[in-house]
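Hi,

Here is the structure I promised to pass on. Have a look at it first, and then read my notes underneath.

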Amino acid sequence: MASASEHDAHQCSNCPKTAPLTCKGCKAMPNATDGQLSSAWYCGAECQKAHWAEHKAQCKAAQARQALFRAGALAQQIFYRFSKTTYMWSPGRIEKIGTTWLIHPERHTGLYSQIDEVGHFIKGAKYQLRQVYGGEGPPVIDGTDYAHTIIRVTTMNGETYALDMAGAQYGWYEPVTPWQSYNTSRVREIKDVVPFGGTRVFCKTRADNTGGQHKWVHGIKEGFAKSVDEAVEWWQRRNIPSSDLLRLPEHEFQKRRGSLIDTVDEFLQLYKAIQESNGGFTVREGFKHGGYDRKFTSFALGTIPGRAA
Ligand SMILES: [Zn+2]
Ligand SMILES: [Zn+2]
């Protein structure tokens, strides 16, 4: 198969001739093995027509893949906004709750046959992770023992991908990677596999069953997460369903993507402002000290309603 570079000559998918035409359906779509862009190429309309019966399934799979790569990139962008607004996680140290957004609607579209959350230990993690907060000195977490949560998606045609929104902390910036290569190069050991949305349920359970600061922290986390869902819902009602968004031509997709991200940002900022004005505390201080279920310092305790300083 010819390389995806525009400067290379492509061979017709149906005969040995050189192919100047690319299939519009799967033009510049990520391929299944490495995420590089590829497409079917043809010497002319006749060969394309003759090859369609064979190519059809592949073409549809490429389009589904494109939607998945877009969903992954969008979810990652929203995750970054979420982290920035809540102060829960700095870009250097990101946890898992935010990884489950935005691809919800895709479950109804028949693109994917299975979506799981996979917690795994990073291969060769010898370094330590550090929270990048000022003040009393950052707590240090041993990266070796820290399970990293990703989403594993299997498409209808049997391709499996890893969606890693928070991989930047390990230097992995691309949100979507074919599972096989992700698993081989990055996973030391799988800790657990839970159904998609499991982390969200877990956080809610913790919010319901803990008391004091923990309850407050988990409640706020839940509130921020809900804001994201509401923003996406709100935006979809006024624009297009996200499943359609993911299938738009590239130019249209890029245009609308920005407005969705902005909407999420606005909802998050609004929720934060309400929390700050109602609660008599600053969200920032609360999370600064409580985001990881660690003991609050006396300073932080003073900022929580109902607690003495
Ligand atoms: Zn041909
Ligand atoms: Zn095609």
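Below is what turned up when I went through it.

Keep in mind that this is a predicted model. The protein chain has eight helices and 13 strands. Of its 309 residues, 33% count as buried. If you take the contacts between residues at least 6 apart in sequence, 66% of them join residues at least 24 apart.

Now for the inside. The largest nonpolar core is made of 36 residues, and L68, A75, I78, L163, V228, V264 and L268 have the most contacts within it. Helix 1 (45-86), strand 10, strand 11, helix 4 (212-238) and helix 6 (250-279) each put in at least two residues. The biggest giver is helix 1, with ten. Try clicking on L268: leaving out residues up to four places away in sequence, L268 touches R81, F82, T85, F224, S227 and V228. Another core lies apart from that one; it has seven residues, including A19, M29, W41 and A62.

Next, the hairpin. Strand 10 (residues 147-155) and strand 11 (residues 160-163) run antiparallel and are joined by four bridges. T154 sits opposite T160 of strand 11. Four residues lie between the two strands, and G158 in this hairpin has a positive phi near 90°.

One last oddity is A28, which has a positive phi of about 55° even though it isn't a glycine. You'll find A28 in the loop between strand 3 (21-22) and strand 4 (29-30). Is A28 buried or exposed? It counts as partly exposed, because it has 13 C-beta neighbours inside 10 Å.

Cheers

How values were computed:
Residues are numbered from 1 along each chain as its sequence is written. Chains are lettered from A and ligands numbered from 1 in the order in which they are written. This is a predicted model: local features need pLDDT of at least 70, side-chain atom pairs count only at pLDDT 80 or more; totals for chains, interfaces and linings use all residues. Two strands pair if DSSP finds at least two bridges between them. A residue is buried if 20 or more other C-beta atoms lie within 10 Å of its own, exposed if 12 or fewer, and partly exposed in between; C-beta atoms are placed from the backbone. Two residues are in contact if their C-beta atoms, placed from the backbone, lie within 7 Å. A nonpolar core is a set of buried Ala, Val, Leu, Ile, Met, Phe, Trp, Tyr and Cys residues joined through C-beta atoms within 7 Å.
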